Amino acid sequence: MTSLSHKAYRGYASLPIPFGWFAVSMSDEIEVGHIRTLHYFGTEFVVWRGEDGTLNAVDPFCPHLGAHLGVNSSVQGNDLRCAYHHWKFNGEGQVTHIPYNDHIPPQLKRGCLPTWPIQEKDGVVFVWNHPNKAAPKWELAGLPLCPGGGDWVESERHEWLIDIHVQEITENGQDYKHFNAVHGVQGPPEGDFQLDGWERRNKVVAEMVTPRGPMTGIIDVLATGPGQSITEFIDVCHVVMAQEVTPIDAEHTHLRWQLYHPPGISDGKMRVTKARMRDLVKQVEQDIPIWNAKIYKPEPMLVKGDGPMLAYRRQYARFYDFGDGAPEGVAA
């Protein structure tokens, strides 16, 4: 019997890693003075938070003699000090201090350590990944306005490490018919599928039968790039799910969720809200065993009713175009 490696058989190893903003940590996981080596995108980088609270991200190896900046280094003020010879670097990758040399060569002052764009949004740390180091092409999305003008309450956090390419996880949402087969719920009726630049919006509006009578239920998804989406579930309760999918490499993905509800809701509404959150978590945990074992089908055998899978793939393909162009229909 011919032996094929599971890695080769599944077909994900040959897929590219898309460019974009991707979550790499929660903000409260990196305190002032804290240094972390993070492993994503098939590579690694070092992140630290300076005394002023600003996060910085750089390539992991000191350009001097190659020491790993995530090993025994320290944060001095806002700079990162290499453990090997105590050279200091700022967040721009510039050398700010050499303890045994008063003269810093101009090329070192200009920047000799490659950096990664990094931002924090709603308590999540994102870095910009692009194989050609192109500048960020879009802004991160924020949470929607909270009803009544208050602040959303973060109720739950969840994360999973999944043995699948990052594209498959968000593609799953376009696979309408699996909702009944896997989750035991009716697949959402076909709703809007709209593209606007680097964003995709899926909105489903459906009439629901509830103990309080018929009502309109809304599922509104805003996906900004391949790594970030925000979904509002509005019906008997109001839940916001912030989702981040981050490629560890071509075959493994880190999935994070933060679940929010409005402030000041009643005990009864809280019970319904928590039940909705449990159901959302149950659904993804039903998907994970399937994701961990399936193969990639570059030409899936689709039939009517499967959902906008091909439209989704056409939209997603733009995140594999590593040139400097804008998406079709969007001014550069």
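Hi everyone. Let me start with a definition: when I say that two residues touch, or are in contact, I mean that they have heavy atoms within 4.5 Å. One more thing before we look around: this is a predicted model.

Now to Trp160. Which residues does Trp160 touch, leaving aside those up to four places away in sequence? The answer is Thr253, His254, Leu255, Trp257, Val281, Val284, Glu285 and Ile288. Keep that set in mind, since some of those names come back in a moment.

Let's step out to the core around this residue. The largest nonpolar core has 36 residues, and those that touch the most other members are Trp138, Trp160, Ile162, Leu255, Trp257, Leu259 and Trp291. So which parts of the chain supply this core with at least two residues each? They are strand S1 (20-26), strand S10 (124-129), S11, helix H3 (166-171), strand S16 (238-249), strand S17 (252-261), H5 and helix H6 (309-316). The element that gives the most is H5, with six residues. Apart from this core lies another one, made of 17 residues, including Ile35, Val46, Val58 and Leu80. If you want a rule of thumb to take home, nonpolar side chains in soluble globular proteins tend to be buried together.

Next, the charged side chains. How many salt bridges are there? The count comes to ten, and I'll walk you through three of them.

The first on my list joins Glu156 and Lys274, at 3.3 Å from N to O. Glu156 sits in strand S11 (residues 153-162) and Lys274 in helix H5 (residues 267-293), so this pair ties together parts that are 118 residues apart in sequence. Are these two buried or partly exposed? Glu156 is buried, because its relative accessibility is 17% and the cut-off for buried is under 20%. Lys274, at 24%, is partly exposed.

The next pair is Asp220 and Arg201, whose closest N and O atoms are 2.8 Å apart. Here Asp220 belongs to strand S14 (residues 213-224) and Arg201 to strand S13 (residues 199-210), so the bridge links parts that are 19 residues apart in sequence. Asp220 is buried, with a relative accessible area of 14%, whereas Arg201 is partly exposed at 31%. There is also a network to point out: salt bridges with shared partners join Asp28, Glu154 and Arg157.

That brings me to the third pair, Glu154 and Arg157, with closest N and O atoms 2.5 Å apart. Glu154 is partly exposed at 33% relative accessibility, and Arg157 is partly exposed too, with a relative accessible area of 38%.

Let's move on to a hairpin. Strand S2 (residues 35-40) and strand S3 (residues 43-49) pair in the antiparallel sense, over six bridges. Which residue in S3 is the bridge partner of Leu38? That would be Phe45. The two strands form a hairpin with two residues between them, and in the turn Phe41 has a positive phi of about 60°.

My last stop is a loop. Where is Asn101? Asn101 lies in the loop between strand S8 (95-97) and helix H2 (106-110). The side chain of Asn101 reaches the backbone nitrogen of His103 at 2.8 Å. With a relative accessible area of 35%, Asn101 is partly exposed.

That's my tour. Thanks for listening, and do have a look at the model yourselves!

How values were computed: Residues numbered from 1 in each chain as written. Predicted model: local features only at pLDDT ≥ 70, side-chain atom pairs only at ≥ 80, totals over all residues. Heavy atoms only, no water. Helix = DSSP H or I, 4+ residues; strand = E, 2+ residues; numbered from the N terminus. Buried < 20%, exposed > 50% of the residue type's maximum accessible area, 1.4 Å probe, protein only. Polar contact = N/O pair within 3.5 Å; in protein donor to acceptor, adjacent residues only side chain to side chain. Salt bridge = Lys/Arg side-chain N within 4 Å of Asp/Glu carboxyl O. Pairing = 2+ DSSP bridges. Core = buried A, V, L, I, M, F, W, Y, C linked by side-chain atoms within 4.5 Å.
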